[in-house]
Amino acid sequence: QQMAAKAKERQEKEATLHRKEQEAEQRQQQMLAKEAGIKRMENEAGARREQLVAEESERQRRETEAAARRKEQVAAEAERQRKEKEAEARKQKGEKVRQEKRAVDTAKTNDDCAGIVQVLQGTTDGGVVEDALRALHMLTQSSDANRCQVAEAGSIAVVLAAMTQHRDNTGVQEHGCRALAN
């Protein structure tokens, strides 16, 4: 009986030991599973961080492109406005030149040498200057009264100033010399 009790006690100890070994093995497997879960979560977090970094990089690239497009648009608008202003200035200059040429024609028609001299004083356009000097030359060529009117209007200095300002314009030089010669 004692032997049976000792055998039973030994069996119970072996069973307890076996149960404890199984529990330890289960705990070890649970720890390994937890470690694997933690590792998986770390990998997922790393992948998410990489994805966020890639998304941020893409966002920054798009912002840079958008800023470049905005800069191009601003530059294009500035260029458009500049061209518009240039066109308006050319239009105004063209209108001024047309008015000055009409004034020369009107003064020539009316034998108004002083009017032609006045146009000469106010213009910088080589074509208008040439037309005005041609008109002065023609008006003074055959009329002593016109020659006196031109001389009294102080036109000699005006003609010389026009010739100096447009020294590369052969028409201005030719008609200026002819007007002075009269």
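**Close-up views of a predicted model**

**View 1. A salt bridge in helix 1 between K13 and E9.** K13 is exposed in this predicted model, with a relative accessible area of 55%, whereas E9, at 43%, is partly exposed. Their side chains meet in a salt bridge with an N to O distance of 3.7 Å, and because the two residues are four apart in helix 1, about one helical turn separates them.

**View 2. Further salt bridges, formed by E56 with R59 and by R102 with E95.** The closest N and O atoms of E56 and R59 are 2.2 Å apart, and these residues, three apart in helix 1, are separated by about one helical turn. E56 is partly exposed at 31% relative accessibility, and R59 is partly exposed at 36%. In the salt bridge between R102 and E95 the closest N and O atoms lie 3.5 Å apart. Salt bridges that share partners also join E58, R61, R62 and E65 into one network, and the structure as a whole holds 21 salt bridges.

**View 3. The largest nonpolar core and the packing of helix 2.** Among the 22 residues of this core, those touching the most other members are V104, I116, L120, V129, L133, L136 and V159. Helix 3 contributes the most, with seven residues. The buried residues of helix 2, including C113, I116 and L120, pack against helix 1, helix 3, helix 4 and helix 5. Beyond its neighbours within four places in sequence, I116 is in contact with residues including V104, A132 and L136.

**View 4. A nonpolar surface patch formed by I156, L160 and L180.** Together these residues have about 250 Å² of accessible area. L180 lies in helix 6 and, at 36% relative accessibility, counts as partly exposed.

Key. Residues are numbered from 1 along each chain as its sequence is written. This is a predicted model: local features need pLDDT of at least 70, side-chain atom pairs count only at pLDDT 80 or more; totals for chains, interfaces and linings use all residues. Side-chain values use heavy atoms; hydrogens and water are left out. Patches are made of residues with over 30% relative accessible area and no salt bridge: like charges are joined within 9 Å, nonpolar side chains (Val, Leu, Ile, Met, Phe, Trp, Tyr) within 5 Å. Accessible areas come from the Shrake-Rupley method with a 1.4 Å probe; for residues, only the protein chains shown count as cover. A salt bridge is a side-chain nitrogen of Lys or Arg within 4 Å of a carboxyl oxygen of Asp or Glu. Buried means under 20% relative accessible area, exposed over 50%, partly exposed in between (1.4 Å probe, protein chains only). A nonpolar core is a set of buried Ala, Val, Leu, Ile, Met, Phe, Trp, Tyr and Cys residues joined through side-chain atoms within 4.5 Å. Contact means heavy atoms within 4.5 Å.
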